[in-house]
Amino acid sequence: MPSRIYEWLDTRLNLKPVQRTLLDEPIPGGASWIYVFGSVTLFLFVLQAATGMFLALYYAPTPDHAYDSVRFIETEVTLGWLVRGLHHWGASAMVVAIGLHMLQTFLYGAYKSPREVMWMVGVMLFLLVMTFAFTGYLLPWDQTAYWATQIGINMVGTVPLMGDFASRVLRGGEILGALTLSRFFAIHVLFLPAILIAGIAIHLFVLRRVGPAGPWTDERASLSAETFAPRQVYMDAVVIAGVFLAVAALAISIPLPLTDKANPSDTSFVPVPEWYFLFYYELLKYVHGPLEPVATWVLPLCVILIMLFWPFIDRNPVRNPIRRPVALGGGILFLLVVFGLLGISIKNLYAVPRADPSVARGRAIYAQLGCVGCHRIHGEGGAVAPDLSAVGDTRPDREWHVKHFRDPQSVSPGTFMPKFPLSDEQLHDLTSYMLSLKRAT
Ligand code: HEC
């Protein structure tokens, strides 16, 4: 039956040549599992587009409603949490897939003549995807979103001559506010998809013109050419299914944190960017003063230009990576720096809370004894006693706390804070929790 329909359509629409271009593309050396990442990236883009469309049904791009609309998607909309989770983890997966796709192209020397144009379009696509990630990060309009974007735009502002103008264009004015949000939303859901789809079309058009590169030795390439269908299609489909299951598993098992609603006056908030920007965030910590522009724009610009024009920098026609020690060494060094910085950054992020389990026990004691009736931490609790949100900064002395808890009157004569009957161990834990309450981690 399906074949009869196909024939019926074919006699009218002349489908055979289309099928030939789409499925009968010869792959030198035959199909391989290593070639799947381009298709995986394309699939993830389709997943992002589909989940994004559903999110847009409920999302409201204004400072008054953005946060609540994301909350609503997360808690009220049927399967809204799943769609948001897929979109969130799909973005991460897309960065990984593009990374592997570029790594494979680099290792196989597939960017070399005659495929320079395809590589350059690919680098542009990679940059577009990072812009997608950056603009999407602001949309939930929570504290992290707001302050991470603030940092990003400030970095753009450090570019000489045009930085000030560019950051004003991004913000839609002097401050990060309503115009910024609607601007980022429009860029994220209208401009970028249009540009990206055009870029993908060009990327695939060039692929059809020059053909896939195949293995790095001509002997192996000429051994057996094979068409794209059926084996490469099968391999792509298997990996795509695996990637989808992994993304769905992440979306189902890891709840997405939404920090407090964006508060432009709370300048003490320290945002943490997405993991794929973390290495860069770490780098920024090491450069200060006159060197700062090096990290905020000189270095990124150099890396982007080197990536873009790499086929003209590496003019060695040999494709076997073993016989390209300089290119291979450079690539490995680059990855070592990026992943080294990423590792340090993750370690710093998790070092504080992981190191001391007594902080968690102290937090439980704090809740048990009803300290919250008088004290406030991060906006929650009574207002009759000092706000403890940053008491670790203002009172860093452990002895002081222990003494104060044993007998508040002894250090603050006349205070109405009650004495609590606590064991030494509980005193220790509660104090650890107090000391962990800091403005910045
Ligand atoms: C009945 C209200 C009340 C309760 C309940 C209470 N406190 Fe207090 N607390 C105060 C008052 C008033 C002060 C300010 C005077 C002082 O230093 O004692 C204070 C001060 C503090 C300080 C010093 C803050 C600073 O910046 O100087 C800490 C730390 C503290 N409380 C922790 C706790 C913890 C932990 C609990 C729960 C075990 C708790 N408090 C329960 C009223 C309360």
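**Figure 1. The shell around the ligand in the predicted model.** Helix H18 gives the most to the shell around the ligand, with 4 residues. The shell holds 22 residues, of which Cys371, Cys374, His375, Arg395 and Met417 come nearest to the ligand. By residue class, the shell divides into 16 nonpolar, 5 polar and 1 charged.

**Figure 2. Polar side chains facing N and O atoms of the ligand.** The side chain of His375 places an N or O atom 2.7 Å from a nitrogen atom of the ligand. For Arg395, a polar side-chain atom lies 2.6 Å from an oxygen atom of the ligand. Thr415 also has a polar side-chain atom beside a ligand oxygen atom, at 2.9 Å. Two elements give two or more residues to the shell around the ligand: helix H18, covering 398–406, and helix H20, covering 424–436.

**Figure 3. Surroundings of His87 in helix H5.** Helix H5 spans residues 80–107 and includes His87. His87 has a relative accessible area of 18% and is therefore buried, the limit being under 20%. The side chain of His87 makes a polar contact of 2.9 Å with the side chain of Thr51. Leaving aside residues up to four places away in sequence, His87 touches Gln48, Thr51, Gly52, Leu55 and His188.

**Figure 4. The salt bridge between Arg84 and Glu74.** The closest N and O atoms of Arg84 and Glu74 are 2.5 Å apart. This pair links distant parts of the chain, with Arg84 in helix H5 and Glu74 in helix H4, which covers residues 66–75. The two residues are 10 residues apart. Arg84 counts as buried because its relative accessibility is 12%, whereas Glu74, at 21%, counts as partly exposed. Side chains of opposite charge can pair when their charged atoms come close.

**Figure 5. The salt bridge between Asp10 and Lys16.** The side chains of Asp10 and Lys16 meet at an N to O distance of 3.1 Å. Asp10 has a relative accessible area of 13%, so Asp10 is buried. Lys16 has a relative accessibility of 39% and so counts as partly exposed. The structure holds 11 salt bridges.

**Figure 6. A network of salt bridges formed by Asp164, Arg168 and Glu174.** Within this network, Arg168 forms a salt bridge with Glu174, and their closest N and O atoms are 3.6 Å apart. Arg168 is partly exposed, with a relative accessible area of 34%. Glu174 counts as exposed because its relative accessibility, 58%, is over 50%. Asp164 is also linked into the network.

**Figure 7. Pro2 in helix H1 and its separation from Ile202.** Helix H1 runs over residues 2–13 and includes Pro2. Pro2 has a relative accessibility of 65%, so Pro2 counts as exposed. Between Pro2 and Ile202 there are 32 Å in space, taken from C-alpha to C-alpha. In sequence, Pro2 and Ile202 are 200 residues apart.

Note on methods:
Residues are numbered from 1 along each chain as its sequence is written. This is a predicted model: local features need pLDDT of at least 70, side-chain atom pairs count only at pLDDT 80 or more; totals for chains, interfaces and linings use all residues. Side-chain values use heavy atoms; hydrogens and water are left out. Buried means under 20% relative accessible area, exposed over 50%, partly exposed in between (1.4 Å probe, protein chains only). A polar contact is a pair of N or O atoms within 3.5 Å; within protein, one must be able to donate a hydrogen and the other to accept it, and residues adjacent in sequence count only if both atoms are side-chain atoms. Contact means heavy atoms within 4.5 Å. A residue is near a molecule or strand if one of its heavy atoms lies within 4 Å of it. Ala, Val, Leu, Ile, Met, Phe, Trp, Tyr, Cys and Pro count as nonpolar, Asp, Glu, Lys and Arg as charged, and the others, Gly among them, as polar. A salt bridge is a side-chain nitrogen of Lys or Arg within 4 Å of a carboxyl oxygen of Asp or Glu.
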